[in-house]
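Please walk me through the fold of this protein, from its sheet to the helices that pack on it. A plain account for someone new to the structure would be enough.

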Amino acid sequence: NDMLVLVVDDNAQMRRLLAQMLLAVGFRVIREANNASEAAAVFQTVGADIVIIDWKMAPIDGIALTRAIRRGETAANPCTPVVMLTAHTEGSRVAAARDAGVNGFVKKPVSAQM
């Protein structure tokens, strides 16, 4: 319960929903970021043990942020687990995310069971 989960999504309601779900299952340290720049600031100050990233964000999408994490371009540990949050789970997108370094998927809309 002392793991820090970073939720990166440009939708404030989705960030709050995910934070509440994470709290409900026992995570206690949750940080939120509106975009890749805010996520980089969190990485710089407190780090993250797990990152949940929305795919579709601007100006830097979740795939580009994942690649930056994996290449060591952020202050995040390049091995930090990344979970992609998306409504787009077609095979080609899953393959592209996997190739970028995503460890898992959560399909929108999310639910407590997921």
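How many bridges join β4 to β5, and do these strands run parallel or antiparallel? Four bridges join β4 to β5, and the two strands are parallel. Within this pair, L85 stands opposite V106 in β5. Between the two strands the chain passes through α4, and this β-α-β crossover from β4 to β5 is right-handed. The model described here is a predicted one.

The pair belongs to a wider arrangement. Five strands form an open sheet with parallel pairing, in the order β2-β1-β3-β4-β5. The edges are taken by β2 and β5 (104-107), each of which has a single partner strand, so one side of each has no neighbour in the sheet. From one strand to the next, the twist averages 20°. In general, the strands of a sheet pair through backbone hydrogen bonds, either parallel or antiparallel.

At the β2 edge, the partner is β1. Strand β1 (residues 4-8) pairs with strand β2 (residues 29-33) over five bridges, in the parallel sense. Two positions show how the strands are aligned: V7 stands opposite E32 in β2, and V8 stands opposite A33 in β2. Helix α1 (residues 12-24) joins β1 and β2 in a β-α-β unit, which is right-handed.

E32 also takes part in a salt bridge, one of six in the structure. Its partner is R15, and the closest N and O atoms of E32 and R15 are 3.3 Å apart. Since E32 lies in strand β2 and R15 in helix α1, the pair ties together parts that are 17 residues apart in sequence.

Next come the helices and the sheet. V7 of the β1 pairing stands opposite E32 in β2, as noted. Helix α1 packs on the sheet, where it touches β1, β2, β3 (50-54) and β4 (82-86). The direction of α1 makes about 170° with that of β2. Helix α3 packs on the sheet as well, touching β1, β3 and β4, and its direction makes about 175° with that of β4.

Which helix does α3 (residues 62-70) come within 8 Å of, axis to axis? It is helix α4 (residues 91-100), and the two axes cross at roughly 25°. An angle under 35 degrees counts as roughly parallel, and therefore α3 is roughly parallel to α4. On the α3 side the contact is made by I63, T66, R67 and R70, and on the α4 side by A96, A97 and A100. By type, the residues of this contact divide into four nonpolar, one polar and two charged.

Two peptide bonds remain to be mentioned. The bond from A58 to P59 is cis, with omega near 0°, and P59 is placed in the loop between β3 and α3. The bond from K108 to P109 is also cis, with omega near -5°. P109 lies in the segment after β5.

Technical notes
Residues are numbered from 1 along each chain as its sequence is written. This is a predicted model: local features need pLDDT of at least 70, side-chain atom pairs count only at pLDDT 80 or more; totals for chains, interfaces and linings use all residues. Side-chain values use heavy atoms; hydrogens and water are left out. Two strands pair if DSSP finds at least two bridges between them. A crossover is right-handed if, with the strands pointing away from the viewer, the path from the first strand over the helix to the second runs clockwise. Axes are lines fitted to C-alpha atoms, for helices over the stretch in contact, and angles run from 0 to 180 degrees between N-to-C directions. Angles under 35 degrees count as roughly parallel, over 145 as roughly antiparallel, 65 to 115 as roughly perpendicular and the rest as oblique. Contact means heavy atoms within 4.5 Å. Ala, Val, Leu, Ile, Met, Phe, Trp, Tyr, Cys and Pro count as nonpolar, Asp, Glu, Lys and Arg as charged, and the others, Gly among them, as polar. A salt bridge is a side-chain nitrogen of Lys or Arg within 4 Å of a carboxyl oxygen of Asp or Glu.
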